[in-house]
Amino acid sequence: MDIRISGTVNDSIVDGPGIRYVIFTQGCPHHCPGCHNPQTHEMSGGEITDTQAIIEEFRKNPLLDGITLSGGEPFCQPQPLCEIAEAAVSYGLNIVTYTGYTFEQLLEKSESDIFIPKLLLLTDLLIDGRFVKEQKTLDEAFKGSANQRILDCKKSFEQRIAIEWEEEYF
Ligand code: SF4
């Protein structure tokens, strides 16, 4: 299946706990002032690749703890990301997803696209909310600004309320 990406990184240690394969999706509707990845905003930019090519690439890396879906806005392309996340889970990898939407907004959007709830149920950690320049933080691991939350995504989705991750990371 086609997916439009800005790029991938095979061994990140800054986009979630442990060693991670990161997919930077292309296309973002949020346009947060001060965004660090402005090249990912254009919906028709980046490159189109195949989900299977991405899956084959991370499958070959034995050091990974998980994959991270970042952007851009991952929830603009939930269907191909579900395919990728399902494969990752089948290889024992965990899933971290970044989004400029809030969890509550994604719950609302879940009504109109079945792949949004599916991706939420595949995600372990959801880092939600737009980047707010005035609240920029360098002290809080994995967050860009203090307004963002690190949510236990499965528990949050099951209970339909945002629940912050409180345990040790996997
Ligand atoms: S949601 Fe992320 S990628 Fe999109 S504009 Fe905001 S910081 Fe940039």
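Here is a short walk through this structure, from its two domains to a few local details. Keep in mind as you look around that the model is predicted.

Let us begin with the overall layout. The domain assignment splits the chain into two parts: domain 1 is made of residues 1–9, 25–61 and 78–94, while domain 2 covers residues 123–170. If you place a point at the C-alpha centre of each domain, the two points lie 19 Å apart. The contact between them draws on 8 residues from domain 1 and 6 residues from domain 2.

What does the interface look like? Domain 1 and domain 2 bury about 590 Å² between them, and carbon and sulfur atoms give 57% of that area. On the side of domain 1, the residues to look for are Cys32, Pro33 and Asn94, which lose the most area to domain 2 and together account for 61% of what that side buries. The residues of domain 1 that touch domain 2 comprise 3 nonpolar and 5 polar ones, with no charged residue. How many salt bridges cross between domain 1 and domain 2? The count is 0. As for polar contacts, 1 residue pair is found between the two domains, with both residues at pLDDT 80 or more.

Salt bridges do turn up when the search is not limited to this interface, and the count comes to 6. One of them can be found in helix 1, where the side chains of Arg59 and Glu56 meet with an N to O distance of 3.0 Å. These two residues, Arg59 and Glu56, sit 3 residues apart, about one turn of helix 1.

Helix 1 also takes part in another kind of pairing. The whole structure holds 5 aromatic pairs, including Phe58 with Tyr91. The ring centres of Phe58 and Tyr91 are 6.4 Å apart and their planes stand at 70 degrees, so this pair counts as edge-to-face. Follow the chain and you will see that the pair links distant parts of it: Phe58 belongs to helix 1 (residues 51–59), whereas Tyr91 is in the loop between helix 2 (78–90) and strand 5 (94–98), 33 residues apart.

Two details of the backbone round off the tour. Gly71 and Gly72 are joined by a cis peptide bond, with omega at about 0 degrees. To find Gly72, look in the loop between strand 4 (66–70) and helix 2. The other detail is at Phe142, where phi is near 75 degrees, a positive value in a residue other than glycine. Phe142 is located in the loop that runs between strand 6 (125–128) and strand 7 (149–152).

Conventions. Residues are numbered from 1 along each chain as its sequence is written. Side-chain values use heavy atoms; hydrogens and water are left out. Domain bounds come from an automatic or database domain assignment. Contact means heavy atoms within 4.5 Å. Buried area is the accessible area (1.4 Å probe) that two parts lose on being put together, summed over both. A salt bridge is a side-chain nitrogen of Lys or Arg within 4 Å of a carboxyl oxygen of Asp or Glu. A polar contact is a pair of N or O atoms within 3.5 Å; within protein, one must be able to donate a hydrogen and the other to accept it, and residues adjacent in sequence count only if both atoms are side-chain atoms. Ala, Val, Leu, Ile, Met, Phe, Trp, Tyr, Cys and Pro count as nonpolar, Asp, Glu, Lys and Arg as charged, and the others, Gly among them, as polar. Rings of Phe, Tyr and Trp (its six-membered ring) pair if their centres lie within 6.5 Å; planes under 30 degrees apart count as stacked, over 60 as edge-to-face and the rest as tilted. Helices (H or I, at least four residues) and strands (E, at least two) are DSSP runs, numbered from the N terminus.
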